[in-house]
Amino acid sequence: MTQTAIRCSAMRGGTSKGLVFLADDLPADRAVRDAVLLAAMGSPDRREIDGMGGAHPLTSKVAVVGRSGRAEADVEYLFLQVWPDRPEVSDKQNCGNMLAAVGPFAIEQGLVAAKEPETPVRIWMRNTQTLATALIQTPGGRVSYEGDARIDGVPGTHAPIPIEFADVAGSSCGALLPTGNASDVIEGVRVTCIDNGMPVVCLAAADFGLTGQESPAELEGNAELTKRVEAIRLAAGPLMNLGDVTSATVPKMSLLAPPARGGAIATRTFIPHRVHEAIGVLGAVSVATACVLPGSVAHDIAVTGSAAEIEVEHPTGFFTVTIEAKVSGGTVEVTRSALLRTARLLMRGEVFVPASAMPGGASL
């Protein structure tokens with residue numbers, strides 16, 4: 001069978017993994033691009049056996065990176081979720097984990113000139129139309145992936161990648177609190193709808209008869225629970241200015257409980273139909289923000305004190321989010337959101353797709 005070769009890199013970003021492409025190497029037509037990415041990942045197939053996908057939403061991701069014409073940014077990043085079980089490529093959400101891979105990729109590909117000993121990469125996130133800055137270790141003018149930074153959910157240690165977000169509040173929903181309230185009652189359950197980079201619905205695990213320490217497998221196997229959580233998600237979508245979310249990847253649904261391992265709050269997050277083995281980067285930022293918002297579900301559960309760093313517990317460890325906010329009259333203005341991730345280049349070369357998926361492409 002004739003195939004088409006497309007340049008790409010396989011990279012781990014945070015606790016996710018996927019393919020990273022230069023924007024110029026993919027078709028400009030969206031339908032053709034999506035067909036190419038589905039073929040590259042081997043979707044739709046739950047095992048993604050005929051492609052590079054990892055048979056799970058967290059390992060079936062794509063980052064598209066190109067130079068930016070914006071004065072405030074060096075590169076532009078489009079995140080695409082390729083679903084393993086259906087022929088769908090979604091751009092309806094951002095991904096802060098794959099974001100961690102963008103800076104190293106941009107330097108490796110010559111989109112950003114390396115500096116000594118570290119290089120800031122200003123990244124315009126196209127999904128949410130917001131800016132992030134990642135600080136990449138570049139001793140000797142080359143990207144270094146080795147270091148002492150450790151993040152839960154990833155074995156070993158790697159070079160640290162601090163990421164700071166600028167003005168991500170309401171980036172998907174139009175407001176930090178899209179309903180205008182610190183808490184609402186949806187389907188008979190008290191919730192907090194919040195968007196500080198990722199639309200999230202915060203729920204108290206206790207309201208579902210849960211401890212909040214259940215494993216992802218236990219939660220996914222609880223048919224009554226998943227049905228109730230999905231009903232709340234579908235009702236929350238329009239209230240969060242997201243419209244009909246039946247086929248959407250947002251909002252995420254985060255079950256919250258008191259911390260069990262010394263953190264500020266414990267989380268179990270539906271993304272939206274599988275339960276995350278950890279927690280998404282921007283999802284963690286939204287939950288951490290809710291923790292400092294008086295009247296929210298998270299604030300009533302969290303143990304935060306006055307610390308700027310919020311330790312968000314998840315099934316495989318902790319996620320530390322730095323939140324600086326001004327709270328006045330029951331409202332919160334986020335002045336700074338930052339966190340630490342790592343990334344690693346796993347493979348660089350070409351991915352092959354059937355020539356029929358990319359008409360006019362170079363054949364092999």
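This is a short walk through one predicted model, with stops at its cavities, its enclosed helices, a few single residues and some backbone oddities.

Okay, thanks everyone. You have the structure up, so I'll just point at things as we go. Please keep in mind that we are looking at a predicted model.

Let me start on the inside. How many cavities of 30 Å³ or more does the count give? The answer is two cavities. The largest cavity holds about 190 Å³ of space. It is lined by 21 residues, and the closest to its centre are K61, Q93, K252, H276 and G280. If you want to find the spot on your screen, pick those five and look between them.

So which elements give two or more residues to that lining? Those are α2, residues 96-108, and α5, residues 281-291. Of the elements, α5 gives the most, with three residues.

Let's stay with those two helices for a minute. First, α5. Why do I call it largely enclosed by the rest of the structure? Because 11 of its 11 residues are buried. Reading along the helix, they are V281, L282, G283, A284, V285, S286, V287, A288, T289, A290 and C291.

Now α2, which is mostly covered as well, with 12 of its 13 residues buried. The buried list there includes G96, N97, M98 and L99 at one end, and F105, A106 and I107 further along. After α2 comes G110, and its phi is positive, near 80°.

Next stop, Q81. You'll find it in strand β4, which covers residues 75-82. Is Q81 buried or exposed? It counts as buried, because its relative accessibility is 4%, and the cut-off for buried is under 20%. What does its side chain reach in there? The answer is the backbone oxygen of S60, at 3.1 Å. S60 is also on the contact list of Q81, once you leave aside neighbours within four places in sequence. The others on that list are P57, K61, E88, V89 and S90. You've heard K61 before: that residue is among the ones closest to the centre of the largest cavity.

Two more buried residues in strands, quickly. T322 sits in strand β15, residues 317-328. With a relative accessibility of 14%, T322 counts as buried. Not counting residues up to four places away in sequence, T322 touches A308, E309, R336, S337 and A338.

The other one is A204, in strand β11, residues 199-204. A204 is buried too, with a relative accessible area of 13%. What I like here is the partner: A204 and A257 are 53 residues apart in sequence, yet their C-alpha atoms are 6.2 Å apart in space. Beyond its neighbours within four places in sequence, A204 is in contact with L256, V297 and I301.

On to the aromatics. If you were hoping for ring pairs, a search of the whole structure finds zero. There are charges over rings, though. R86 lies over the face of W83, 4.4 Å from the ring centre. And R261 has its charged end over the ring of F318, at 5.5 Å from the centre.

Last topic, the backbone. Where are the cis peptide bonds I wanted to show you? One joins V250 and P251, with omega about 0°. P251 is in the loop between α4, residues 223-239, and β12, residues 252-257. Another joins I271 and P272, and there omega is about 5°. P272 is in the loop between β13, residues 265-270, and α5, the helix we just saw with every one of its 11 residues buried.

Then there are two residues with a positive phi that are not glycines. E187 has a phi of about 55°, and you'll find it in the loop between β9, residues 184-186, and β10, residues 189-195. E187 counts as exposed, because its relative accessibility is 55% and the line for exposed is over 50%. N241 has a phi of about 65°, and it lies in the loop between α4 and β12. That loop is also the place of P251. N241 is exposed as well, with a relative accessible area of 52%.

That's my tour. Happy to go back to any of these on the screen.

Methods:
Residues are numbered from 1 along each chain as its sequence is written. This is a predicted model: local features need pLDDT of at least 70, side-chain atom pairs count only at pLDDT 80 or more; totals for chains, interfaces and linings use all residues. Side-chain values use heavy atoms; hydrogens and water are left out. Helices (H or I, at least four residues) and strands (E, at least two) are DSSP runs, numbered from the N terminus. Buried means under 20% relative accessible area, exposed over 50%, partly exposed in between (1.4 Å probe, protein chains only). A polar contact is a pair of N or O atoms within 3.5 Å; within protein, one must be able to donate a hydrogen and the other to accept it, and residues adjacent in sequence count only if both atoms are side-chain atoms. Contact means heavy atoms within 4.5 Å. Rings of Phe, Tyr and Trp (its six-membered ring) pair if their centres lie within 6.5 Å; planes under 30 degrees apart count as stacked, over 60 as edge-to-face and the rest as tilted. A charge sits over a ring if NZ of Lys or CZ of Arg is within 6 Å of the ring centre and within 35 degrees of the ring normal. On a 1 Å grid over the protein atoms alone, a cavity is a set of points where a 1.4 Å probe fits but cannot get out, and a pocket is an open set with protein on both sides within 12 Å along at least five of seven lines; lining residues have an atom within 4 Å of a point. Grid points are joined across faces, edges and corners, and a volume is the space filled by probe spheres set on the points.
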